[in-house]
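Please read the following explanation with the sequence and the model open side by side. It goes through a helix pair, a further helix, and then some single residues.

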Amino acid sequence: MNSLSSLDYIQYSRTMLLGDIGEAGQLAIMNSPVVIIGVGGLGNVVAHYLAAAGVQQILLIDHDVVELSNLPRQLLFRASDIGQAKVNIAKSALSDAYPQINIDVLAQPITSAHFNQLVKRFTVKPVVFDCTDNVSARQLINQLCVQHQLTLVSGAISAYQGQLFCIDFSHSHSHSYSGCYCCLYPLDTPIMQNCTQAGVFGPAVGIIASMQALVGLQHICNTFTKYGVLHRFNAQDLRWQYANMSQDPQCEVCHQYPFTDHQERSNDTN
Ligand SMILES: [Zn+2]
């Protein structure tokens with residue numbers, strides 16, 4: 001898509017009124033493919049906001065079916081959807097709301113083989129949203145984003161503790177290298193509880209998911225500046241904290257991949 005239709009100008013007028021977004025930003029949103037892995041509490045809201053913003057190429061990956069206990073926070077699903085594949089229900093709901101959208105689905109667990117195959121379909125590198133609820137999937141998604149040099153927007157929440165970060169492994173933006181998910185949580189980190197064990201409030205999930213969508217859209221529009229910053233949210237006292245991420249020189253995932261900033265990396269290792 002190279003230009004906006006007259007209806008697009010109306011539909012996305014409030015976004016385009018933002019001075020740093022404008023028509024160019026809206027076109028970038030409409031031309032940028034995204035991959036959303038995990039269509040639970042986070043993925044529902046991320047997918048909905050991205051589709052509503054005008055993203056037109058979405059790949060949804062999730063192998064779960066809708067359960068009754070999902071309904072308090074997974075807002076695309078209804079009681080009548082219980083037992084059906086989440087990706088299919090989400091695709092149907094979003095396609096009804098935004099008819100111009102093109103959604104592909106994979107109703108299987110994420111694997112390297114699947115991902116490597118799927119990522120070849122995109123002519124432009126997709127932005128990857130990690131909306132999963134377990135550490136092993138997060139480690140794999142991180143490895144795949146490093147390997148394919150993609151931008152990763154990662155969100156997580158358990159009980160009252162949420163977090164998110166965005167790392168641009170393509171290094172298309174000028175910022176120092178901040179490591180990866182594995183630098184933050186090495187592969188031998190004990191498994192943390194997910195919301196299935198620890199519980200969670202629906203709106204708190206929505207806050208982290210909304211931040212993921214916001215960060216992803218800003219990245220697509222080239223207005224994002226907080227790469228490699230870990231944001232933590234405490235949903236009990238509504239407190240945000242942040243810290244700069246840094247590379248672990250011993251990281252099993254990201255130390256071995258070449259990045260654009262060769263000089264900086266060779267200085268690091270000398
Ligand atoms: Zn790393």
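What follows describes a predicted model, starting with two helices that pack together.

Helix α4 covers residues 41–53 and helix α10 covers residues 202–220. Their axes lie 8 Å apart and make an angle of about 40°. Angles under 35 degrees count as roughly parallel and those from 65 to 115 as roughly perpendicular, and α4 and α10 are therefore oblique to each other. The crossing of the two helices is right-handed.

On the α4 side, the contact is made by Gly 41, Leu 42, Val 45, Val 46, Tyr 49, Leu 50 and Ala 53. On the α10 side, the residues include Gly 202, Val 205, Gly 206, Ala 209, Ala 213, Gly 216 and Leu 217. Sorted by type, the residues of this contact are eleven nonpolar, six polar and no charged. Glycine is counted among the polar residues here. The spacing of the positions can be read against a general rule. An α-helix has 3.6 residues a turn, so residues three or four places apart point the same way.

Helix α10 itself has 19 residues. From its first C-alpha to its last it reaches 27 Å, close to the 27 Å expected at 1.5 Å a residue. Its buried residues are Ala 204, Val 205, Ile 208, Ala 209, Met 211, Gln 212, Ala 213, Val 215, Gly 216, Leu 217, His 219 and Ile 220.

Ser 210 also lies in α10. Is Ser 210 buried or partly exposed? A residue is buried if 20 or more other C-beta atoms lie within 10 Å of its own. Ser 210 has 18 other C-beta atoms within 10 Å and is therefore partly exposed. Leaving aside residues up to four places away in sequence, Ser 210 touches Val 45 and Tyr 49, and both of these belong to the α4 side of the helix contact. Gln 84 is 126 residues from Ser 210 in sequence, and the two are 25 Å apart in space, C-alpha to C-alpha.

After α10 comes Asn 222, in the loop between α10 and β7 (229–234). Most residues other than glycine have a negative phi. Asn 222 is not a glycine, yet its phi is positive, about 65°. With 13 C-beta neighbours inside 10 Å, Asn 222 counts as partly exposed.

Ala 159 is another residue other than glycine with a positive phi, near 50°. Ala 159 sits in the loop between β5 (151–158) and β6 (161–168). It counts as partly exposed because it has 16 C-beta neighbours inside 10 Å.

Strand β6, which comes after that loop, contains Asp 168. Asp 168 is buried, since 22 other C-beta atoms lie within 10 Å. Thr 132 is 36 residues from Asp 168 in sequence and 19 Å from it in space, C-alpha to C-alpha.

Val 146 is located in helix α7, residues 135–148. Val 146 counts as buried, with 22 C-beta neighbours inside 10 Å. Val 146 and Tyr 181 are 35 residues apart in sequence, while their C-alpha atoms are 9.8 Å apart in space.

The last element is helix α5, residues 86–97. It has twelve residues and reaches 17 Å from its first C-alpha to its last, close to the 16 Å expected at 1.5 Å a residue. Which residues of α5 are buried? They are Lys 86, Val 87, Ile 89, Ala 90, Lys 91 and Leu 94. The elements that cover these buried residues include β2 (57–61), β3 (102–106) and α4. Helix α4 thus appears in two settings: it packs with α10, and it is part of the cover over the buried residues of α5.

Notes. Residues numbered from 1 in each chain as written. Predicted model: local features only at pLDDT ≥ 70, side-chain atom pairs only at ≥ 80, totals over all residues. Axes fitted to C-alpha atoms, helices over the stretch in contact; angles between N-to-C directions. Helix = DSSP H or I, 4+ residues; strand = E, 2+ residues; numbered from the N terminus. Parallel < 35°, antiparallel > 145°, perpendicular 65-115°, else oblique. Left-handed = near helix turned anticlockwise from the far one by under 90°. Contact = placed C-beta atoms within 7 Å. Expected span 1.5 Å × (residues − 1). Buried ≥ 20, exposed ≤ 12 C-beta atoms within 10 Å, placed from the backbone.
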